Amino acid sequence: MSEMVEITVNGAQMQASKGSLLIDKLLDENIHIPHFCYHQALGKDGNCRMCMVAIEGQKRPQIACDTPIKDGMVVRTKGENIEKVRRDILELQLINHPIDCPTCDQAGECKLQDYYMESGFYESRVNVNNKTTHRKRVDLGANVMLDEERCVLCTRCVRFCKDITKTSELGVIDRTDHSTIGIFPGRPLYNPYAMNVVDLCPVGALTSKDFRFKQRVWFLETFDAICNGCSKGCNISVDHRKEKYKDDQIHRFRPRANKEVNGWFMCDEGRLSYENENQNRFETPLLNKETTNLSNTITNMFKELSTKKDILFVLSPNLSYEEMSNLKNLAEKLNAKISGYSPDTFDESFGDDYLRKSDKTANRASFKELKVNEEESYFKDSLEKAQLVIIVDSSFFEENSQLLEGKTVISLFSHNCLTLSKSNIAIPIASFYEKSGTYINCDGIKQRVISQMNKNNPMETITSVIEHLKEMIGKGTL
């Protein structure tokens, strides 16, 4: 356990770990401290010099990213001298920077832009024609585009590839104001986490080819969620927008910091999986393969549940804890079997020793907590005896549809799939990011997601379907 000491920051006393970096304490306390090169996942580098602070007893300002905390330290992050030093450093950064904020894809999320507005630089002492220029639109690979002119050489991207992914595709090329970030010959940016350099870049030098020029960030709304690409449950920010005359749509996922789960990063496959939410949606209820309305399908579902004796529920491990619990309670009251058998959701080639897990589901751990049987023998025995099979978002029957021959099938899915063509009743339901719920990751950490999507015609959730069934047969019967 680190020794705790007393320090004073801007007149306020607080405790901090002795020997820890001063900038970490300032960031943890939400004390504004300008910085480009420092990132808590990458450690100190000390090349941008923007995080200058005044420390009592020191003749000159010090960089907070390379200052260890000592007992009794008195720190000021504000003041005329400090502001002047930062302005001088910022001016050096702006000398060769292009004047293209209105067209830059990073506008609204750019630290250089923020610090510039704080500093009040409205006139340049450098003639535009005398600026050193670099290449624009350099394709680095892995969905990442580089604009060399905008780079402030913080080297976050270089250190990420060197220290985190250990693939070392990026480096600093040339010297002085001709220095640029680049890839080594024949070594494009290519690793499963490459797009994290876009988030790490504090300016508009590195941008996502997938997101470039599609939306202005100040139009987007954001809510916190988790990635459902694997059992790690990386924390993400979901950026969505409901444009005029259009439905609410997700435009990107970004990693959200959670030191207990994913740190600061996420894999590229999970990041780009937002497209799955918007494509191939199942939206119209089906009864015997003919389109109908929701009320009709739920009425017929009730009739089947009331008349069939041998019933099997097959659940997806991507359902929320609440949905699994409600379905289990329903199955118990109907004296039905319930299975979570889903071998098709494992991919050994996907997992690694960092964030990606071979179990490509978000909530398998809830099966264990709720004691939902996942064994193959139990599933096969129950399926063989079942007259009625209720499939809830499970992908198992995509390649095993022949197992449903001769049985009555009710499907509840958010996306179109082959199973729907084998179903007597098919009910569209809300997708993963259109509903709220609790999920347990591979490390046993419970995480709550509260959706803020605002669809024109929101789909039913599993819970609301069960509530409709309850109303049809009398309160408390199911």
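In strand β22, the residue that bridges to Gly-437 is Val-449, and this pair belongs to a ladder of four bridges that joins β21 (residues 437-440) to β22 (residues 446-449) in antiparallel fashion. The model discussed here is a predicted one. Five residues lie between the two strands of this hairpin, and among them Gly-444 takes a positive phi near 80°. Within β21, Gly-437 and Tyr-439 point one way while Thr-438 and Ile-440 point the other way. In a regular strand, side chains alternate between the two faces of the sheet. The four residues of β21 named here are all buried, whichever way they point.

Ile-440 also leads to a helix elsewhere in the chain, since Ser-366 touches Ile-440 together with Tyr-321 and Met-324, when residues up to four places away in sequence are not counted. Ser-366 is found in helix α10, which covers residues 364-370. Buried means under 20% relative accessible area, and Ser-366 therefore counts as buried because its relative accessibility is 0%.

A second region to consider is an open sheet of five strands, with the order β2-β1-β5-β3-β4 and mixed pairing. Its edge strands are β2 (12-17) and β4 (62-63), each of which pairs on one side only. Helix α2 (residues 80-94) packs on this sheet, where it touches β3 (52-55) and β5, and the direction of α2 makes about 155° with that of β3. Strands of a sheet pair through backbone hydrogen bonds, either parallel or antiparallel. Strand β1 takes part in pairings of both kinds: six bridges join β1 to β2, and these two run antiparallel, whereas two bridges join β1 (residues 4-9) to β5 (residues 74-76), and these two run parallel. The hairpin of β1 and β2 has two residues between its strands, and Asn-10 in the turn has a positive phi of about 55°.

The table lists residues of β1 with the residues that stand opposite them.

| Residue in β1 | Opposite residue | Strand of the opposite residue |
|---|---|---|
| Ile-7 | Met-14 | β2 |
| Thr-8 | Val-74 | β5 |
| Val-9 | Val-75 | β5 |

A third site is Cys-154, which lies in the loop between β7 (144-146) and α4 (156-164). Cys-154 counts as buried because its relative accessibility is 6%, where the cut-off for buried is under 20%. Leaving aside neighbours within four places in sequence, Cys-154 is in contact with Phe-36, Cys-37, Asp-45, Asn-47, Arg-159 and Pro-202. One of these, Asp-45, is 109 residues from Cys-154 in sequence, yet the C-alpha atoms of the two are 8.5 Å apart in space.

For the protein chain taken as a whole, the model has twelve helices and 22 strands, and its C-alpha trace spans about 85 × 50 × 40 Å along the principal axes. Of the 478 residues in the chain, 51% are buried, and the accessible surface comes to about 23,500 Å², of which 47% belongs to carbon and sulfur atoms. Among contacts between residues at least 6 apart in sequence, 61% join residues at least 24 apart. The chain carries 63 positive and 68 negative side chains, and the centres of these two sets lie 2 Å apart.

Technical notes
Residues numbered from 1 in each chain as written. Predicted model: local features only at pLDDT ≥ 70, side-chain atom pairs only at ≥ 80, totals over all residues. Heavy atoms only, no water. Pairing = 2+ DSSP bridges. Contact = heavy atoms within 4.5 Å. Axes fitted to C-alpha atoms, helices over the stretch in contact; angles between N-to-C directions. Buried < 20%, exposed > 50% of the residue type's maximum accessible area, 1.4 Å probe, protein only. Areas by Shrake-Rupley, 256 points an atom, 1.4 Å probe, with all protein chains shown as cover. Lys, Arg positive; Asp, Glu negative; His and termini not counted. Charge placed at Lys NZ, Arg CZ, Asp CG, Glu CD.
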